[in-house]
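This report describes selected features of one protein chain for a reader who is new to structural analysis. The sequence and the structure are shown first, and the description follows.

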Amino acid sequence: MASPFTNYRNVLDYHPPLYRPPSEGQNLIIQATIGCSFNRCRFCSMYRSKSFRPRPWPELKAHMDAAIADWPDATRVFLADGDALTLPTDELLRILDYLQTHLPGLTRVSSYALPANLRKKSVTELERLSAARLTLLYYGIETGAPALLKRITKGATPDGMVDGLNKAAQAGMKVSATVVLGLGGANHWQEHIDGTVELLQRAPLSYLSTLQLYLEESVRDDFLAAFDPPFIAQDDIAILREQHRLIDALTDPPQRLIFRSNHASNALALAGNLPRDRDKLLAQIDAALSGDAPLRPAYLRGL
């Protein structure tokens with residue numbers, strides 16, 4: 001999940017709603033595809049109002065030209081919408097080459113990556129994309145529990161995700177992954193966290209963030225229908241216990257992780273490196289659990 005894009009100089013050629021990761025808020029956004037090619041995750045409402053389509057080259061070129069004219073000194077670009085990586089590699093390279101040619105200061109391009117789309121690319125393809133400056137992928141793990149992945153219709157398995165993430169690492173790409181706290185509810189929270197830890201111990205990530213589950217009305221009924229016995233939402237204290245269990249168990253990731261829970265959906269903002277800052281992060285969660293540290297007020301939270 002991500003924050004709606006609301007702060008850009010020229011929005012006339014965008015197809016709303018437009019979402020981007022929080023860290024891309026100050027970067028140029030190019031909408032290479034419209035919507036999400038999968039668009040069936042039960043918890044996600046981001047692109048339900050759109051029909052997926054790649055932008056034809058003449059339309060996309062005009063879009064890029066307008067954006068570049070508005071911001072010719074942009075150094076970082078985010079390719080929207082939900083999964084630009086679904087485009088054929090040659091088409092992505094065409095886009096990346098155009099951006100490099102017309103943005104002389106370009107240092108990095110990033111995009112979302114669905115598990116299925118990352119798995120379909122070979123290491124060689126990913127290496128070519130990385131060499132053309134597509135070096136950061138935002139990736140929704142959500143959970144590492146196989147049964148929960150099926151319930152939320154993620155279209156992925158833990159082994160499949162690890163396979164794709166290993167290919168990205170081999171290609172020299174950085175991956176920023178997200179986990180959704182509360183996704184298993186009160187009945188499946190331990191399964192959710194333990195399965196996620198098992199996956200994270202196998203996946204070479206650069207960044208890891210946690211979000212808290214928030215269901216828009218448009219997907220709530222469909223999500224709840226996947227659970228029997230009925231889904232029982234986790235309150236803030238239960239979410240903190242999930243966070244504690246996750247960080248406490250994440251003792252041996254394949255590489256150092258930059259960890260954040262600063263997304264606006266979170267009750268408690270955390271930041272550190274894992275496993276180095278594990279004890280510090282756990283102490284901060286303990287302080288919140290005991291009432292010695294304040295939580296973000298509910299009215300300040302959102303997607």
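Strands are DSSP runs of type E with at least two residues, and they are numbered from the N terminus. The structure described here is a predicted model. In this model, Glu142 lies in strand 8.

**Residues with positive phi**

Glu142 has a phi near 70°, which is a positive value in a residue other than glycine. Is Glu142 buried or exposed? A residue counts as buried when its relative accessible area is under 20%. Glu142 has a relative accessible area of 4%, and it is therefore buried.

Arg133 is another residue other than glycine with a positive phi, in this case near 90°. Its place is the loop between helix 4 and strand 8. Because its relative accessibility is 31%, Arg133 counts as partly exposed. A glycine may be added to this group: Gly172, which follows helix 6, has a positive phi near 85°.

**Helix 1**

Helix 1 covers residues 57–70 and has 14 residues. The distance from its first C-alpha to its last is 20 Å, close to the 20 Å expected at 1.5 Å a residue. Which residues of helix 1 are buried? They are Trp57, Leu60, His63, Met64, Ala67 and Ile68. When the helix is viewed down its axis, these buried residues fall within an arc of 125°, so they line one face of helix 1. The face turned away from this buried side carries the exposed residues Pro58 and Ala69. The buried residues of helix 1 pack against strand 3 (28–31) and helix 2 (89–102).

**Helix 6**

Helix 6 comprises the 13 residues 158–170. Why does the distance between its end C-alpha atoms agree with expectation? At 1.5 Å a residue, helix 6 should span 18 Å, and its end C-alpha atoms are indeed 18 Å apart.

The buried residues of helix 6 are Pro158, Gly160, Met161, Val162, Gly164, Leu165, Lys167 and Ala168. Their packing partners include three helices and strands that precede helix 6, namely helix 3 (115–120), helix 4 (123–131) and strand 8 (134–142). Helix 5 (146–151), strand 9 (174–181) and helix 7 (185–200) are also among the elements against which they pack.

**Two helix pairs**

The packing of helix 4 with helix 6 can be set beside that of helix 7 with helix 9 (residues 236–249).

| Helix pair | Angle between axes | Distance between axes |
|---|---|---|
| Helix 4 and helix 6 | about 50° | 8 Å |
| Helix 7 and helix 9 | roughly 30° | within 9 Å |

Angles under 35 degrees count as roughly parallel. Helix 7 is therefore roughly parallel to helix 9, whereas helix 4 and helix 6 are oblique to each other. The crossing of helix 4 and helix 6 is right-handed, and the crossing of helix 7 and helix 9 is right-handed as well.

Which residues meet where helix 4 packs with helix 6? Val123, Leu126 and Glu127 in helix 4 meet Lys167, Ala168 and Gln170 in helix 6. Lys167 and Ala168 also belong to the buried residues of helix 6. In the other pair, the helix 7 residues Trp189, Gln190, His192, Ile193, Asp194, Thr196, Val197 and Leu200 meet Arg241, Glu242, Arg245, Leu246 and Ala249 in helix 9.

**Cis peptide bonds**

A cis peptide bond joins Ala80 and Asp81, with omega about 0°. Asp81 lies in the loop between strand 6 (76–80) and helix 2. A cis peptide bond also joins Leu274 and Pro275, where omega is about 10°. Pro275 is found in the loop between strand 12 (271–274) and helix 10 (278–289).

**Lys50 and Asp222**

Lys50 lies in the loop between strand 4 (33–34) and strand 5 (53–54). Because its relative accessible area is 11%, Lys50 is buried. Which residues does Lys50 touch, not counting residues up to four places away in sequence? They are His15, Pro16, Pro17, Gln31, Ile34, Gly35, Asn39 and Asp81. Asp81 is thus a contact of Lys50 and a partner in a cis peptide bond. The C-alpha atoms of Lys50 and Arg133 are separated by 28 Å, and the two residues are 83 residues apart along the chain.

Asp222 lies in helix 8 (residues 217–224). At 36% relative accessibility, Asp222 counts as partly exposed. Asp222 and Arg42 are 180 residues apart along the chain, and their C-alpha atoms are separated by 6.3 Å.

Notes:
Residues numbered from 1 in each chain as written. Predicted model: local features only at pLDDT ≥ 70, side-chain atom pairs only at ≥ 80, totals over all residues. Heavy atoms only, no water. Helix = DSSP H or I, 4+ residues; strand = E, 2+ residues; numbered from the N terminus. Expected span 1.5 Å × (residues − 1). Buried < 20%, exposed > 50% of the residue type's maximum accessible area, 1.4 Å probe, protein only. Contact = heavy atoms within 4.5 Å. Arc of directions from axis to C-beta. Axes fitted to C-alpha atoms, helices over the stretch in contact; angles between N-to-C directions. Parallel < 35°, antiparallel > 145°, perpendicular 65-115°, else oblique. Left-handed = near helix turned anticlockwise from the far one by under 90°.
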